[in-house]
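This report describes one chain and its ligand site. Please look at the sequence and the coordinates before reading on.

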Amino acid sequence: MTFLDMLQGAMARNDSLLCVGLDPEPRRLPGALRGDARRIYDFCAAIVDATCDLVCAFKPQIAYFAAHRAEDQLERLMQHMRVSAPHVPIILDAKRGDIGSTAEQYACEAFERYGADAVTLSPFMGFDSIEPYLQYPGKGAFLLCRTSNPGGDDLQAQRLASVEGQPLLYEHVARQAQGPWNRNGQLGLVVGATYPEEIARVRQLAPTLPLLIPGVGAQGGDAAATVRAGFTAEGPIIVNSSRAVLYASDGEDWKEAARAAAQATRAALNAARG
Ligand SMILES: O=C(O)c1cc(=O)[nH]c(=O)n1[C@@H]1O[C@H](COP(=O)(O)O)[C@@H](O)[C@H]1O
């Protein structure tokens, strides 16, 4: 099954636009897990079990595992998600971007080692840095377009003087991804929930691409404004929240609190799509 088929299936089955991001920081783990990097798997697996009927995707962020020498725990977590939530697609947030020969290794890591259904990529090095990921039929690749952080403007909002009509860099990325780069229908775009006007602009330029939209919750993005700007009948949105769900409580009730936070975010997103 392709990433897009899985995504549509999970969206319908769980009535959800919510993606829970798995960004485990040992010092923020609750209760007895706090500070113990060997418990990253236990924490994330419990979050998966508590929320897998509420989400359209999970998004593990690879840095939170690699930084703590926990890649083996990420591998176990991927297997756990396959067994416990086989209907939910997994987007590996790796933000890779390198020359083709190195990109082949990154693609192998994402799709073969970890078995992800989709990956996040930086498009800064151009199409040949994206192409190796497209050699994996049915896998998704989300290109950073208009990111949620304040510094995203530094490059993404610059005008491309040499291109006719002088679009901004992020607009050019959106056009390329909707058009010539999307050879097998595998591409999507990352747009921050912190910039609803830019979400609307990206949706205009890329009417059918799935948009991965992080930035609600801890970064303060508005769930309703996000849906109004990006959600259409032909263009799916995947709205990510990580810390606001993972660390909803640091007490004994952390699993219940994570579930409640996911439920509330899912409800807010659904209310806005009417
Ligand atoms: O590609 C991403 O997922 C991403 C893009 C972006 O523009 N902004 C952004 O916050 N992210 C990721 O989305 C997650 C946001 O986490 P919270 O702010 O805790 O919900 C983190 O894993 C970020 O690395």
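In which strand is the place of Lys 59? Lys 59 belongs to strand β2. The model discussed here is a predicted one.

## Lys 59 and strand β2

Lys 59 has 25 C-beta neighbours inside 10 Å, and the threshold for burial is 20 or more, so Lys 59 counts as buried. Two side-chain directions can be told apart along β2: Ala 57 and Lys 59 point one way, while Phe 58 and Pro 60 point the other way. The residues on both sides are all buried.

Which residues does Lys 59 contact once its neighbours within four places in sequence are left aside? They are Cys 19, Gly 21, Leu 22, Ile 91, Asp 93 and Asn 240. One of these, Gly 21, has Lys 59 as its bridge partner in β2. The strands concerned, β1 (residues 18–22) and β2, run parallel and are joined by four bridges. As a reference distance within the chain, the C-alpha atoms of Lys 59 and Ala 193 are separated by 16 Å, with their positions 134 residues apart along the chain.

## The sheet

The chain has twelve helices and eight strands. Eight strands make up an open sheet with parallel pairing, in the order β2-β1-β8-β7-β6-β5-β4-β3. Its edges are β2 (57–60) and β3 (91–96), each of which pairs on one side only. From one strand to the next, the twist averages 30°.

Within the sheet, β7 (residues 211–214) pairs with β8 (residues 237–241) in the parallel sense over four bridges. Pro 214 has Asn 240 as its bridge partner in β8. Asn 240 is also among the residues in contact with Lys 59.

## Edge strand β3

How many of the six residues of β3 are buried? Five are, and the strand is mostly covered. Its connection to the sheet is through β4 (residues 118–121): the two strands run parallel and three bridges join them. Arg 96 is matched with Leu 121, its bridge partner in β4.

Lys 95 is also found in β3. Lys 95 counts as partly exposed because it has 17 C-beta neighbours inside 10 Å. The phi angle of Lys 95 is near 50°, a positive value in a residue other than glycine.

## Ligand surroundings

Which residues are closest to the ligand? Thr 147, Ser 148, Pro 214, Ser 242 and Arg 243 are the closest of the 20 residues that surround it. Two or more residues of this shell come from each of β3, β8 and α11 (243–246). Pro 214, listed among the closest residues, is the residue bridged to Asn 240 of β8.

By residue class, the shell holds twelve polar, four charged and four nonpolar residues.

## Two loop positions

Asp 15 lies in the loop between α1 (3–13) and β1. Its phi is near 45°, again a positive value in a residue other than glycine. With 14 other C-beta atoms within 10 Å, Asp 15 is partly exposed.

Is Arg 183 buried or exposed? Arg 183 counts as exposed because it has 11 C-beta neighbours inside 10 Å, and the limit for that class is 12 or fewer. Arg 183 is located in the loop between α8 (169–178) and β6 (187–191). From Arg 183 to Ala 262 the C-alpha separation is 35 Å, and the two are 79 residues apart in sequence.

## The chain as a whole

The C-alpha trace spans about 60 × 45 × 35 Å along its principal axes. A compact globule of 274 residues would have a radius of gyration near 19 Å, and the 18 Å of this chain agrees with that. Buried residues make up 47% of the 274 residues.

What share of the contacts between residues at least 6 apart in sequence joins residues at least 24 apart? The share is 71%.

Terms used:
Residues are numbered from 1 along each chain as its sequence is written. This is a predicted model: local features need pLDDT of at least 70, side-chain atom pairs count only at pLDDT 80 or more; totals for chains, interfaces and linings use all residues. Two strands pair if DSSP finds at least two bridges between them. Axes are lines fitted to C-alpha atoms, for helices over the stretch in contact, and angles run from 0 to 180 degrees between N-to-C directions. The radius of gyration is taken over C-alpha atoms; the globule rule is 2.2 Å times the number of residues to the power 0.38. Two residues are in contact if their C-beta atoms, placed from the backbone, lie within 7 Å. A residue is near a molecule or strand if its C-beta atom, placed from the backbone, lies within 6 Å of it. Ala, Val, Leu, Ile, Met, Phe, Trp, Tyr, Cys and Pro count as nonpolar, Asp, Glu, Lys and Arg as charged, and the others, Gly among them, as polar.
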